[in-house]
Structure formats: structure tokens, C-alpha cells
Amino acid sequence: MGLVYRYFLRPLLAFQDSEQAHSRTIKMLRIFGNNFVTRIFLSGLYRSRKSLPISVFGHEYQHPFGLAAGMDKKGEAINGWNSLGLSFAEIGGVTMLEQPGNPKPRMFRSNTHQALVNRMGFNNPGSERMQASLKHHFTRFGKPDIPIWVNLGKSKLTDNKEAHKDYSTTLVRLWNFTDVFVINVSSPNTPDLRDLQSTNELRKIIEECNKANVRKANEAATYPKPLLVKVAPDMSFEQLEDIVTVAMESGCSGIVATNTTVNRSSEFDGDENLQQLGGLSGAPLRKTSTQFIEHIYKFTNGKFPIVGVGGIMNADDAWEKITAGASLIQAYSGFVFEGPSLTSAVVRGLDKKLKQHGLSKIEDAVGLMHKGSN
Ligand SMILES: Cc1cc2nc3c(=O)[nH]c(=O)nc-3n(C[C@H](O)[C@H](O)[C@H](O)COP(=O)(O)O)c2cc1C
């Protein structure tokens, strides 16, 4: 099926505007995922028969590979992600207010470099409408079989001084439907959003989200949900250490590294699409994001779980992220270029790598690079 995607579906999609192709794919996945028969068909085609269980953030994951934020902004295709064999799906970014995002075109693709540039700007229905649609989904289909993560963004109209309220309002609205929250202060397409990565601002946001999280947990007589922080790759390691320290001190459960980059290498000079304003993702991001994971792992002595994302296109890339220190991994661009069979290819490849290294559990591979052999 990977071949069908590569030689038939992908060229077909390449003739369409990137965002249109994306919307059509999500819509198709929603329809297929919501129908019992096609859901089984999808699972048969794409689900990996291998299982690489790992326990992180209080959940058992079937394997470490999940969907990165931004692919399913509205949480439309939850059943689809499960059918495609992903072990968790991060939906959103969701903001307190509904917003259209930046003017189109705002998503660009380079097949040559296996890279995307986007300046979407958190186009999303807002957390109030999202609450209603998730409620509807849960009523119709029950709780999803895989953990659902929610990426929390900040509304463009909300001043940075009030950002903490924007994030915590969305958290409260979506709490009943979410397993893990990711505080996203690292998207490059909302003006000044990345300023919220400064320690004081970030602490304020995490503390407000934590308060709301504990309140909701008490009401439901259960535990608070894990809160993670997602970082940008465009900063010094010193700045990264400050963010990680604040996240640990204020009770977060882990870090997601990394979001897209605003940096462009000179090798892209002739590529019009990659010169577009916005965040670059895909293969060219791989190395930097892995270096960030490596650094966080070393800085925290492997004590703070890391979710690795950026440029995972195959099992080798996934192995690189895990051995650098990531307990879980995610992809967005990889699915655009490799199609839905990426998940089973990655899971099968990781299983093979474990065997080659004489390891019995994926957990044993986390941070292996720092232990002298990989
Ligand atoms: C079109 C697009 C939209 C994205 N939207 C979000 C978002 O809303 N929130 C977020 O944290 N990351 C967002 N991302 C970043 C991805 O989650 C991921 O961190 C990044 O693309 C690197 O992974 P990749 O190389 O596998 O794509 C988006 C990426 C793309 C390409």
C-alpha cells in the first residue's frame, strides 16, 4: 500500500493546493474512520501487527509513535488515527476563541527536500465549538481507544498579558475529552507567541493551567491530566535549559521537542516554497530537533520524559529520536510524504532495531545513545 500511495495517490495530491489536499485527506479519513466496515478495512491495511508497549505519563501506549499537532486541528478524524495504527493523536492547536488563521495560501510543500512550510496561524473552531464536537463524538463512539492529546494555543486577539487565561479556559473546556495537554508556546505564526517561552511568562501559564487542571480533577474525583510544554528549535541550549527547569519546577510531566523552525539553510535558496514565511518542518528539521532531545535528556539525566518530533520519515529517524532520549515520538510531515503506511513501517523497523541491539523493550532504547552504544 505504501507503493500505491507513493506512485498514485501522492502525485495526484501534489497537483492540488497543499491545504486543499490536506482538507480532503482529513475529510476522507473522518468518513472512513467513522464507518464500522471501512474502519476495519483501514485497520487491516495499515495497523502494525507488532506491539512495542511503553508506559509514559500514566498511560500504556501500544508503541511509541503518534500523530503530531496541526494535522487534525478540529479533532475530526479521531477514529481514523486509531484505525491507521497510531498509538496516540494530538489534536489542535486549539485556542480559546474561534479564528480563521492567516490568509491563504499558507501551506507550502517541497517534494525535493521532503519539507513543508506553513503559516497557518492557529486556524481552528475555538475551544467552545471543539468541546461540543468532542462531546458529540464521545457520545456517538465512546471514549477513543487511543490517548487523545490536545495542543493548547493562544488566540491571536488575546494579549500576551492575558495568555494564561486563554490557555486555561481551553484546558477547562476540553478537560473531559483529553488524556494529555500540550502547552504550545512555540508556533512561529502567531505574533509574539514565542515570547511566552520566557521563564516568567511560561511559569504563569503553567501555574494557571495547573490550577485549572487540579480543580477539574477534584470535581471528577480523579487525577490531574499530564501537562507538557512544546518548545521551538530556534533558541540557545541555555534558553532551552531555562524552559525545561521552569516546566519541571511548575509540575509539568514532560517536554515536546520540537515545533517548526523559522531558520532556513542556504541549500534551499532556489526553492520558492521553502523561502515562504512560516515554520519549516520535515526532513531538514530532523537533526536540530534530535539535538534538542539529546540536550534535554542529558540536562535532566533522563528523568524528564521527552516527546520527540521533527523530520521523522522512516524507522531510522524514529530510532535516532528514541536513542537520543525520546520516550514517545510523533510526525506530521512524514505522513504527507510517506503516506499512512509510515506508522507500520516505523513500528516494524523499531522492532527490528531492538532485536539487532539485543533489547527486549522499547523503554531500554530510550536514551541509548548516552549509554555508550546505539
Ligand atoms: C501545517 C502544519 C500545522 C501545524 N500546526 C501545529 C499546531 O497547531 N500546534 C503545534 O504545536 N504544532 C503544529 N505544527 C508542528 C508539528 O506538530 C511538528 O512539531 C512539526 O511539524 C515538526 O514535525 P514534522 O517534521 O514531523 O512535521 C504544525 C505543522 C504543520 C506542518
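This is a dialogue about how features of a predicted model get their labels.

Colleague: What rules apply to the model as a whole?

Modeller: It is a predicted model, so local features need pLDDT of at least 70, side-chain atom pairs count only at pLDDT 80 or more, and totals for chains, interfaces and linings use all residues. Residues are numbered from 1 along each chain as its sequence is written, and side-chain values use heavy atoms, with hydrogens and water left out.

Colleague: Why is Phe337 called buried?

Modeller: Buried means under 20% relative accessible area, exposed means over 50%, and partly exposed lies in between, with a 1.4 Å probe and protein chains only as cover. Phe337 has a relative accessible area of 2%, so it is buried. Its place is helix α11 (residues 333-338). Helices (H or I, at least four residues) and strands (E, at least two) are DSSP runs, numbered from the N terminus. Phe337 also sits 9.6 Å from Arg109, C-alpha to C-alpha, with their positions 228 residues apart in sequence.

Colleague: What makes Phe57 buried and Ala221 exposed?

Modeller: Phe57 has 13% relative accessibility, so the buried label applies. Ala221 has a relative accessible area of 71%, so it is exposed. Phe57 has phi near 55°, a positive value in a residue other than glycine. Ala221 also has a positive phi, near 50°. Phe57 lies in the loop between β1 and β2 (59-61), and Ala221 in the loop between α7 and β9 (227-231).

Colleague: How do you know that Lys104 and Glu19 form a salt bridge?

Modeller: A salt bridge is a side-chain nitrogen of Lys or Arg within 4 Å of a carboxyl oxygen of Asp or Glu. The closest N and O atoms of Lys104 and Glu19 are 4.0 Å apart, so the pair is counted. Lys104 lies in the loop between β4 (89-94) and β5 (107-110), and Glu19 in helix α2 (residues 18-34), so the pair ties together parts that are 85 residues apart in sequence. Lys104 is exposed at 61%, while Glu19 is buried at 10%. Arg106 joins them in a network of salt bridges. A search of the whole structure finds 16 salt bridges.

Colleague: What makes Asp351 and Lys50 a salt bridge?

Modeller: Their closest N and O atoms are 3.9 Å apart, so the pair meets the limit. Asp351 lies in helix α12 (residues 342-356) and Lys50 in the loop between α3 (36-46) and β1 (54-56), so parts 301 residues apart in sequence are tied together. Asp351 is buried at 10%. Lys50 has 37% relative accessibility and is partly exposed.

Colleague: How do you know that Asp179 pairs with Lys143?

Modeller: Here the closest N and O atoms are 3.1 Å apart, so this is a salt bridge too. Asp179 is in the loop between α6 (163-174) and β8, and Lys143 in the loop between α5 (126-141) and β7 (148-152), 36 residues apart. Asp179 is buried at 9%. Lys143 is exposed at 54%.

Colleague: Why can Phe32 be part of a surface patch?

Modeller: Patches take residues with over 30% relative accessible area and no salt bridge; like charges are joined within 9 Å, and nonpolar side chains (Val, Leu, Ile, Met, Phe, Trp, Tyr) within 5 Å. Phe32 has 33% relative accessibility, so it passes the area cut-off. The nonpolar patch covers about 470 Å² and is made by Met28, Ile31, Phe32, Phe41 and Leu45. Both α2 and α3 give two or more residues. Helix α2 gives the most, with three.

Colleague: What makes Asp195 fit the charged patch?

Modeller: Asp195 is partly exposed at 45%, so it too passes the area cut-off. Asp159, Asp192, Asp195 and Glu201 gather in this surface patch of negative charge. Asp195 lies in the loop between β8 (180-184) and α7 (199-219).

Colleague: Why is β13 said to pair with β3 and β12?

Modeller: Two strands pair if DSSP finds at least two bridges between them. Strand β3 (residues 65-67) has three bridges to β13, so they pair, in the parallel sense. Strand β12 (residues 306-309) has four, also parallel, so it pairs with β13 as well. Gly66 has Gln330 as its bridge partner in β13, and Ile306 has Ala326. Strand β13 (residues 326-331) is mostly covered, with six of its six residues buried.

Terms used
Accessible areas come from the Shrake-Rupley method with a 1.4 Å probe; for residues, only the protein chains shown count as cover. Lys and Arg count as positive and Asp and Glu as negative; His and the chain ends are not counted. The place of a charge is taken as NZ of Lys, CZ of Arg, CG of Asp or CD of Glu.
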